[in-house]
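This report introduces a protein model to a reader who has not met it before. The sequence and the structure are shown first, and the description follows.

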Amino acid sequence: MDDSNSLPKMLTVKDIAEHLHIGINKAYAMVRLKGFPKIQIGNKFFIPEDKYLEWLNCHIRNQIIL
């Protein structure tokens, strides 16, 4: 049995920038926002895809100022 299917896909800051069509600096600023779902290991950020999509849905009508 392969347990890797139960693990959430992890995104990078570059993935977030590409998904939202924003620059990498804006993506880093967004990832550093309080409440943004991320795991930081050293100087790298990893974003669980499912939590990222939930976060986006919760902020669908909000203006995010970076």
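## Overall organisation

In this predicted model, residues 24 or more positions apart in the chain make up 46% of the contacts that have a separation of 6 or more. The protein contains 3 helices and 3 strands, and their order from the N terminus is β-α-α-β-β-α. Along the principal axes, the C-alpha trace spans about 45 × 30 × 20 Å.

The chain has 66 residues, of which 23% count as buried. The protein exposes about 5200 Å², and carbon and sulfur atoms supply 53% of that area. Its charged side chains comprise 9 positive and 7 negative ones, and the centres of these two sets lie 13 Å apart.

## Strand β1 and the nonpolar patch

Strand β1 covers residues 10-11 and includes M10. Setting aside neighbours within four places in sequence, M10 is in contact with D15, I39, F46, I47 and P48. One of these partners, I39, belongs to strand β2, which covers residues 39-41.

M10 and I39 also appear together at the surface: with I41 they make a nonpolar patch of about 260 Å². M10 counts as partly exposed because its relative accessibility is 33%. I39 is likewise partly exposed, because its relative accessible area is 40%.

## The loop between α1 and α2

Helix α1 (13-20) and helix α2 (24-31) are joined by a loop in which H21 is placed. Most residues other than glycine have a negative phi. H21 is not a glycine, yet its phi is positive, at about 55°. The relative accessible area of H21 is 72%, so this residue is exposed.

I22 is found in the loop between α1 and α2 as well. With a relative accessibility of 29%, I22 counts as partly exposed. Not counting residues up to four places away in sequence, I22 touches A17 and A27.

## Strand β3 and the segment after α3

Strand β3 runs over residues 44-48, and K44 is placed in it. K44 counts as exposed because its relative accessibility of 52% lies over the cut-off of 50%.

Beyond helix α3 (49-58) comes the segment that holds I64. I64 has a relative accessible area of 32% and is therefore partly exposed. Apart from neighbours within four places in sequence, I64 is in contact with L33, W55 and H59.

## Distances between C-alpha atoms

The table sets out three pairs of residues, with their separation along the chain and the distance between their C-alpha atoms.

| Pair | Separation along the chain | C-alpha distance |
|---|---|---|
| M10 and M30 | 20 residues | 16 Å |
| K44 and V13 | 31 residues | 8.7 Å |
| I64 and M30 | 34 residues | 8.3 Å |

M30 enters the table twice, once with M10 at 16 Å and once with I64 at 8.3 Å. K44, the exposed residue of strand β3, has its C-alpha atom 8.7 Å from that of V13.

Methods:
Residues are numbered from 1 along each chain as its sequence is written. This is a predicted model: local features need pLDDT of at least 70, side-chain atom pairs count only at pLDDT 80 or more; totals for chains, interfaces and linings use all residues. Side-chain values use heavy atoms; hydrogens and water are left out. Helices (H or I, at least four residues) and strands (E, at least two) are DSSP runs, numbered from the N terminus. Buried means under 20% relative accessible area, exposed over 50%, partly exposed in between (1.4 Å probe, protein chains only). Contact means heavy atoms within 4.5 Å. Accessible areas come from the Shrake-Rupley method with a 1.4 Å probe; for residues, only the protein chains shown count as cover. Lys and Arg count as positive and Asp and Glu as negative; His and the chain ends are not counted. The place of a charge is taken as NZ of Lys, CZ of Arg, CG of Asp or CD of Glu. Patches are made of residues with over 30% relative accessible area and no salt bridge: like charges are joined within 9 Å, nonpolar side chains (Val, Leu, Ile, Met, Phe, Trp, Tyr) within 5 Å. A salt bridge is a side-chain nitrogen of Lys or Arg within 4 Å of a carboxyl oxygen of Asp or Glu.
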